[in-house]
There are 2 protein chains.
Amino acid sequence: MPQQDPFDLAGAGGQAGGERVPHHLPYGVFTTPDEPGRRRIGVRHGDRVLDVHTAATALGSPHADILAHPTLNPLMAAGRPVWQAVRSSVTTWVGYPAIEPFLHPLDRVTLHLPFEVADYADFYSSEHHATNVGRIFRPQGAALPPNWKHLPIGYHGRAGTVVVSGTPVIRPAGQRRAADSPGPVFGPTQRLDIEAEVAFVVGTPSRPGERVPLADFPEHVFGVCLLNDWSARDIQSWEYLPLGPFLGKSFATSVSPWITPLDALDAARVAPPVRDPEPLPYLDDRAEPEPGGFDIRLAVTVNGHTVAEPPFSTMYWTAAQQLAHLTVNGATLRTGDLFASGTVSGPEPHQRGCLLELTWDGREPLDLPGGKRTYLEDGDEVTISGWAPGPEGTRIILGEVTGRVVAA
Amino acid sequence: MPQQDPFDLAGAGGQAGGERVPHHLPYGVFTTPDEPGRRRIGVRHGDRVLDVHTAATALGSPHADILAHPTLNPLMAAGRPVWQAVRSSVTTWVGYPAIEPFLHPLDRVTLHLPFEVADYADFYSSEHHATNVGRIFRPQGAALPPNWKHLPIGYHGRAGTVVVSGTPVIRPAGQRRAADSPGPVFGPTQRLDIEAEVAFVVGTPSRPGERVPLADFPEHVFGVCLLNDWSARDIQSWEYLPLGPFLGKSFATSVSPWITPLDALDAARVAPPVRDPEPLPYLDDRAEPEPGGFDIRLAVTVNGHTVAEPPFSTMYWTAAQQLAHLTVNGATLRTGDLFASGTVSGPEPHQRGCLLELTWDGREPLDLPGGKRTYLEDGDEVTISGWAPGPEGTRIILGEVTGRVVAA
């Protein structure tokens with residue numbers, strides 16, 4: 001099996017599932033131009049999309065019914081044994097000439113939000129990001145709040161404004177503190193930012209009062225996508241005390257159209273950083289059989305120019321710890337729950353996952369071919385892409401998430 | 001039309017819709033013992049529940065289809081003209097002897113969560129509550145944060161753990177700061193609290209980038225319910241900086257089973273307090289044709305003993321202002337969005353809507369017949385009820401919300 005050239009993405013479509021051997025096989029939801037009202041579950045294979053329900057029906061699969069829906073939710077709700085059975089079947093099918101009629105060229109389909117979002121929670125789990133934010137906003141104080149190394153800090157975001165990659169992002173208006181007055185002024189945000197994140201999609205629900213221990217992470221998490229947590233920094237900084245971000249983030253959150261099955265990232269698992277102090281037992285992952293980190297390398301472009309390459313492997317808290325924390329109070333999980341890592345930032349300046357850090361709150365503008373950038377201008381297009389090591393030297397190229405800023 | 005004795009609740013069922021003339025007619029979802037799997041939309045009239053889809057079908061109503069669902073969401077999504085037409089029809093029907101077969105005794109039905117919650121947002125709009133909380137936690141600083149009088153502070157809560165009245169509330173576990181250590185300990189919350197709130201349910205959705213001005217509030221809001229925002233104060237105080245409440249509130253939020261149509265509260269509208277400073281134009285309601293406050297009188301009981309009588313009319317920010325703020329950044333509304341007022345507290349000590357305030361964070365225990373209370377103990381049952389003036393001297397008795405604390 002040949003190793004794929006990581007930079008030879010054009011021949012593989014340059015996007016999710018582009019590897020030539022079927023290790024990835026991400027799920028999405030698509031329509032075709034001749035049936036624009038009929039949303040179907042698709043599995044990406046190279047530069048084509050398999051209409052997986054039609055294929056399953058034709059091939060007599062026992063799982064055809066669960067694939068006959070306009071969203072992934074019924075499949076996600078079916079649980080890990082079904083996920084594994086379907087993935088195993090599709091891995092076989094993509095080698096059959098018989099499925100040729102069920103394959104659609106990627107460039108002829110429209111991709112949609114692939115699942116109905118239940119609750120959306122966002123964490124704050126990069127130590128480098130949290131430290132930078134602390135230094136920017138509280139230069140005299142401790143960079144990290146006292147709870148930061150004891151729990152993965154998180155909050156609930158707005159599920160109803162999670163949108164699929166490609167959806168235009170309308171510049172939000174809101175209140176911000178006027179520079180020369182104790183009160184606010186109103187208008188379009190002047191500090192529109194992005195946050196490059198990795199997000200996890202819950203399939204299997206949980207019962208009231210049930211905790212999801214670290215080891216049960218793969219039983220509940222169906223897959224992974226990339227996420228852009230668009231943020232209006234001026235709105236956020238005026239509103240966020242004492243109850244956290246609200247309108248500064250609720251206008252739009254973009255996700256990639258392809259959900260990478262968790263099993264496709266087996267080869268990408270890496271040990272997380274050493275935690276000091278030791279976390280409480282429900283968060284202590286040192287004895288877990290599988291390492292909790294994932295070696296996903298992100299890239300952020302603004303108008304096609306790479307501005308950051310954040311390494312997800314450097315996250316202090318893992319997704320399994322986030323899920324264990326989210327449920328430790330007995331809160332239930334639902335199929336479609338989405339939880340995101342928080343901005344991914346590494347230790348190096350070019351590894352910072354948001355413009356707040358990259359420009360040090362606008363004090364150090366980025367030099368882009370089209371001109372300097374502090375925060376985003378109308379018309380700017382931001383794309384977050386990512387890849388991870390796959391089995392046998394391959395690469396799993398995650399679905400990218402992109403969005404263009406539109407004037408208020 | 002005789003004025004109902006406000007304390008003669010027993011004869012009227014003592015609960016929502018108990019008035020003898022059909023001014024209230026709240027909506028719920030019920031099952032009967034012989035068909036426990038068949039959820040149906042019900043309208044409460046006195047101590048009986050009208051199976052409104054079956055009645056609509058029998059009476060040839062053009063709206064029967066929209067009532068043939070296990071939740072209120074399709075009706076809620078249909079928009080205000082349909083809400084008004086259905087309400088008008090039901091008002092007529094309850095006078096017909098022909099509907100007798102479609103009426104079920106209230107004490108023979110089981111009530112369920114009446115709508116699918118989309119996003120749940122919670123505000124912090126009582127000046128008395130926010131001032132008390134500030135005094136308790138920041139005795140040296142300003143009681144209100146600097147943004148408080150400029151915008152209705154809010155945050156997103158967990159929609160998936162909104163439960164119907166009567167659902168047991170399992171005492172949550174979590175991290176809290178140890179008294180004698182900088183780090184946390186883990187265990188069941190020792191400071192389990194309630195928050196008495198009034199909540200609003202969105203019917204008509206909005207488009208991306210669309211703002212909902214104050215005047216459009218009745219076009220989008222289907223109805224009103226009571227809400228108990230259960231809170232673990234020790235978990236909350238350790239986790240909430242800098243991103244707000246998370247596990248301290250995400251374990252359970254209880255709502256009443258009856259949704260009062262917004263139109264049923266027309267006679268309860270009252271002028272809100274004077275705002276100083278003047279809010280920004282999108283929040284300035286002085287020129288609105290209808291006053292934005294609602295004269296809803298709440299009562300909170302613990303194990304049957306009244307501990308507080310919070311007046312909703314004293315809220316600084318109205319629900320219309322909350323909705324205008326929530327959407328001013330262009331965030332969309334979905335059918336089923338739920339937003340709550342925040343703890344309702346009045347100026348007097350017995351008008352405070354949570355134990356944090358009522359006991360001044362445990363320093364001044366309440367003297368209850370069963371013993372002193374600071375925070376809730378296992379087995380405690382909390383009920384929030386409320387009523388508002390109806391037309392012609394009647395009372396609109398809102399559906400109560402109750403819950404019993406169960407050991408972790």
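In these legends, Ala, Val, Leu, Ile, Met, Phe, Trp, Tyr, Cys and Pro count as nonpolar, Asp, Glu, Lys and Arg count as charged, and the remaining residues, including Gly, count as polar. The views below come from a predicted model.

**Figure 1. Chain A meets chain B across an interface that buries about 5,000 Å².** Carbon and sulfur atoms account for 62% of that buried area. On the side of chain A, the residues that lose the most area to chain B are A:Arg158, A:Leu243 and A:Phe246, which together make up 16% of what that side buries. If you would like to pick out the contacts by residue, 54 residues of chain A touch 54 residues of chain B.

**Figure 2. Polar contacts and salt bridges link chain A to chain B.** The rule finds two salt bridges across this interface. In one salt bridge, the side chains of A:Arg158 and B:Asp337 come together at 2.8 Å, N to O. Polar contacts between the chains come to 24 residue pairs, counted where both residues are at pLDDT 80 or more. Which elements of chain A each supply at least two residues to the side that touches chain B? They are β6 (120–123), β7 (154–157), β10 (173–177), β11 (184–188), α6 (233–239) and α7 (319–327). Of the elements of chain A, β7(A) gives the most to this side, with four residues. Sorted by class, the side of chain A that touches chain B has 33 nonpolar, 15 polar and six charged residues.

**Figure 3. The largest pocket has a volume of about 880 Å³.** Its lining is made of 33 residues, and A:Glu116, A:Val117, B:Glu116, B:Val117 and B:Arg334 lie nearest its centre. Strand β8 (residues 162–164) of chain A makes the biggest contribution to the lining of the largest pocket, giving three residues. The lining of the largest pocket splits into 16 nonpolar, eleven polar and six charged residues.

**Figure 4. The second largest pocket has a volume of about 580 Å³.** Which residues that line this pocket are closest to its centre? Among the 33 lining residues, these are A:Gln236, A:Ser237, A:Tyr240, A:Leu241 and B:Pro242. Two or more lining residues come from each of β6, α4 (127–137) and α6 of chain A. Here α6(A) provides the largest share of the lining, four residues. By class, the lining of the second largest pocket holds 19 nonpolar, six polar and eight charged residues.

**Figure 5. Cis peptide bonds precede A:Pro242 and B:Pro242.** In chain A, the cis bond joins A:Leu241 to A:Pro242, with omega about 5°. A:Pro242 sits in the loop between α6 and β16 (253–255) of chain A. In chain B, the bond from B:Leu241 to B:Pro242 is cis, and its omega is near 10°. The loop that holds B:Pro242 runs between α6 (233–239) and β16 (253–255) of chain B. While you are in this region, recall that A:Leu241 and B:Pro242 are among the residues closest to the centre of the second largest pocket.

**Figure 6. A salt bridge joins A:Arg40 and A:Asp51.** Their side chains meet at 2.9 Å, N to O. This pair links distant parts of the chain, with A:Arg40 in strand β2 (residues 35–45) and A:Asp51 in strand β3 (residues 48–51) of chain A, eleven residues apart. For wider context, the structure has 50 salt bridges over all chains.

**Figure 7. A:Glu392 has a positive phi.** The value is near 55°, in a residue other than glycine. To find A:Glu392, look in the loop between β25 (381–389) and β26 (395–397) of chain A.

Conventions: Residues are numbered from 1 along each chain as its sequence is written. Chains are lettered from A and ligands numbered from 1 in the order in which they are written. This is a predicted model: local features need pLDDT of at least 70, side-chain atom pairs count only at pLDDT 80 or more; totals for chains, interfaces and linings use all residues. Side-chain values use heavy atoms; hydrogens and water are left out. Contact means heavy atoms within 4.5 Å. Buried area is the accessible area (1.4 Å probe) that two parts lose on being put together, summed over both. A salt bridge is a side-chain nitrogen of Lys or Arg within 4 Å of a carboxyl oxygen of Asp or Glu. A polar contact is a pair of N or O atoms within 3.5 Å; within protein, one must be able to donate a hydrogen and the other to accept it, and residues adjacent in sequence count only if both atoms are side-chain atoms. On a 1 Å grid over the protein atoms alone, a cavity is a set of points where a 1.4 Å probe fits but cannot get out, and a pocket is an open set with protein on both sides within 12 Å along at least five of seven lines; lining residues have an atom within 4 Å of a point. Grid points are joined across faces, edges and corners, and a volume is the space filled by probe spheres set on the points.
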